[in-house]
Amino acid sequence: MTVEMYDVIVVGGGPGGSAAAISCACANLRVLLLEKLPFPREHPGETLHPGIEPLLKQLGVLDRVLAAGFLRHQGTWVQWEDGLQFVPFGEDESGVWQGFQAWRADFDKILLERAKAVGVEVLQPCRASRLIVREERAIGVETSRGVFHASIVMDAAGGHHWLAKQLGLQIRPYSPPLIAYYGYVRGNCPIREEAPAIIADEQGWTWTAKVSPDRYQWTRLTFNGDWVKRDWFPEEFSGLNPMGQSRVADVTWRKVDRPAGLGYFLVGDAAAAIDPASSHGVLKAVMSGIMAGHLAKLIFKDSQLEHKAIEEYCQWVRGWFHHDIEKLKQLYARWD
Ligand SMILES: Cc1cc2nc3c(=O)[nH]c(=O)nc-3n(C[C@H](O)[C@H](O)[C@H](O)COP(=O)(O)OP(=O)(O)OC[C@H]3O[C@@H](n4cnc5c(N)ncnc54)[C@H](O)[C@@H]3O)c2cc1C
């Protein structure tokens with residue numbers, strides 16, 4: 001049996017996977033991307049910091065994202081220890097910085113379409129089941145649609161750490177177990193028109209945001225692990241129509257000790273994840289996809305550089321992860 005051979009296989013078609021695939025394909029690498037779900041598919045993570053704009057431009061999708069009509073906002077309402085205050089993103093000579101409320105089904109589709117347009121072969125729906133390893137090197141993937149080999153496998157399949165578990169890599173927690181409850185409501189909530197809000201109380205915090213013209217998202221995180229009832233939603237959304245029951249996600253701060261190694265890179269949540277109070281998960285997923293793509297290009301130019309590229313990536317992920325958790329620790333200091 002002949003097995004199809006690629007330069008890079010990317011597992012997962014979220015923002016991290018598409019960013020990695022686009023970066024590799026633009027460097028003339030032969031790329032296969034596997035996504036287990038048909039699109040459009042729903043996913044939390046709508047609020048994007050303005051810092052994502054240059055990255056979207058680099059990936060060649062900024063015009064399409066701007067044209068998609070996502071809501072824009074100039075900052076966030078924050079009520080932490082002090083009273084409620086508006087924290088703007090900032091401004092420069094080009095004007096006031098604005099974030100996006102990007103409906104993820106549409107945002108992720110734009111990125112995946114771009115990947116196809118630059119030559120990435122996309123198999124969807126296609127579930128990666130097993131990593132193939134030979135002589136301690138990742139060399140391919142068994143999937144629901146056959147076996148594929150590649151010089152580099154990138155895991156961008158999200159926070160269930162598909163590849164790390166297969167290789168038995170250490171997934172180190174940096175917080176107590178944290179569960180986020182989240183949901184969507186439909187209707188009209190005038191106080192949430194202008195910008196999202198994060199409001200802390202004695203037990204935790206609640207995030208609310210308008211994510212499309214008649215849809216709002218909420219996330220609730222409690223520090224003592226209290227359960228949130230399946231039909232709970234924030235008071236400010238009283239009178240609005242819940243879209244299904246609340247959902248749960250593991251948002252424990254965690255990082256894979258070695259997010260790159262022989263024949264593999266871990267991208268986005270697959271490498272490291274923190275709770276959504278940072279609201280930077282998508283930005284970090286895109287950044288790490290671009291970075292992994294850049295390093296893959298270097299390895300293909302000169303295979304002698306592989307060990308250096310692996311170390312550089314591991315250090316880079318460690319650097320931003322610890323920077324982010326230090327900021328969150330300061331934010332949460334009052335609960336210690
Ligand atoms: C409640 C909540 C609120 C959040 N809010 C924000 C926010 O406001 N802003 C923000 O930036 N971030 C937010 N985040 C974080 C954000 O959702 C993630 O950081 C981001 O989606 C990570 O992107 P990714 O590409 O790494 O993974 P994902 O977006 O999870 O994409 C992974 C993809 O891989 C596919 N996949 C999984 N397994 C396989 C497999 N075996 N084979 C093939 N495909 C597979 C999945 O179907 C999926 O499409 C939030 C998270 C939660 C839980």
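Biologist: In this predicted model, how should one read the packing of H6 against helix H7, and at what angle do their axes cross?

Modeller: One reads the approach of the axes together with the angle between their directions. Here the axes of H6 and H7, the latter spanning residues 306–332, come within 9 Å and cross at roughly 165°. Angles over 145 degrees count as roughly antiparallel, and H6 and H7 are therefore roughly antiparallel to each other.

Biologist: Which hand does the crossing of H6 and H7 have, and which residues meet there?

Modeller: The crossing is right-handed. From H6, the residues in contact are Lys 284, Ser 288, Met 291, Ala 292, Leu 295, Leu 298 and Ile 299. They meet Glu 306, Ala 309, Glu 312, Tyr 313, Trp 316, Val 317 and Trp 320 of H7. By class, this contact of H6 with H7 comprises ten nonpolar residues, one polar and three charged.

Biologist: How do H1 and H6 pack, and how far apart are their axes?

Modeller: The axes of H1 and H6 are 7 Å apart, and the packing angle is about 30°. Since angles under 35 degrees count as roughly parallel, H1 and H6 are therefore roughly parallel to each other. Their crossing is right-handed. On the H1 side the contact includes Pro 15, Gly 16, Gly 17 and Ala 19, and on the H6 side it includes Val 282, Ala 285, Gly 289 and Gly 293. The contact of H1 with H6 divides into ten nonpolar and seven polar residues, with no charged residues.

Biologist: Which helix does H1 pass in a left-handed crossing?

Modeller: That helix is H4. The axes of H1 (residues 15–26) and H4 (residues 104–117) come within 9 Å and cross at roughly 20°; H1 and H4 are therefore roughly parallel to each other. H1 contributes Pro 15, Ser 18, Ala 19, Ala 21, Ile 22 and Ala 25 to the contact, while H4 contributes Asp 108, Leu 111, Leu 112, Arg 114 and Ala 115. Eight of these residues are nonpolar, one is polar and two are charged.

Biologist: Turning to the ligand, which residues come nearest, and which element supplies the largest share of the shell?

Modeller: A shell is read by its residues, the elements that supply them and their classes. Of the 38 residues around the ligand, Gly 12, Gly 14, Gly 45, Gly 268 and Gly 281 come nearest. H6 gives the largest share, four residues. At least two residues each come from H1, strand S3 (47–48), strand S15 (179–186) and H6 (281–301). The shell contains 19 nonpolar, 14 polar and five charged residues.

Biologist: Where are the cis peptide bonds, and which residue other than glycine has a positive phi?

Modeller: Backbone angles are read residue by residue, together with their place in the fold. One cis peptide bond joins Phe 39 to Pro 40, with omega about 0°; Pro 40 is in the loop between strand S2 (31–34) and S3. Another joins Gln 124 to Pro 125, with omega about -5°. Pro 125 lies in the loop between strand S10 (121–123) and strand S11 (128–134). The positive phi belongs to Asn 28, with a value near 65°, and Asn 28 is placed in the loop between H1 and S2.

Biologist: Finally, how many helices and strands does the protein chain have?

Modeller: The protein chain has seven helices and 24 strands. Its radius of gyration is 20 Å, close to the 20 Å given by the globule rule for 336 residues, so the chain is as compact as a globular protein of that length. Along the principal axes, its C-alpha atoms fill a box of roughly 60 × 45 × 40 Å.

Notes
Residues numbered from 1 in each chain as written. Predicted model: local features only at pLDDT ≥ 70, side-chain atom pairs only at ≥ 80, totals over all residues. Axes fitted to C-alpha atoms, helices over the stretch in contact; angles between N-to-C directions. Parallel < 35°, antiparallel > 145°, perpendicular 65-115°, else oblique. Left-handed = near helix turned anticlockwise from the far one by under 90°. Contact = placed C-beta atoms within 7 Å. Nonpolar A, V, L, I, M, F, W, Y, C, P; charged D, E, K, R; others polar. Near = placed C-beta within 6 Å. Rg over C-alpha atoms; globule rule 2.2 N^0.38 Å.
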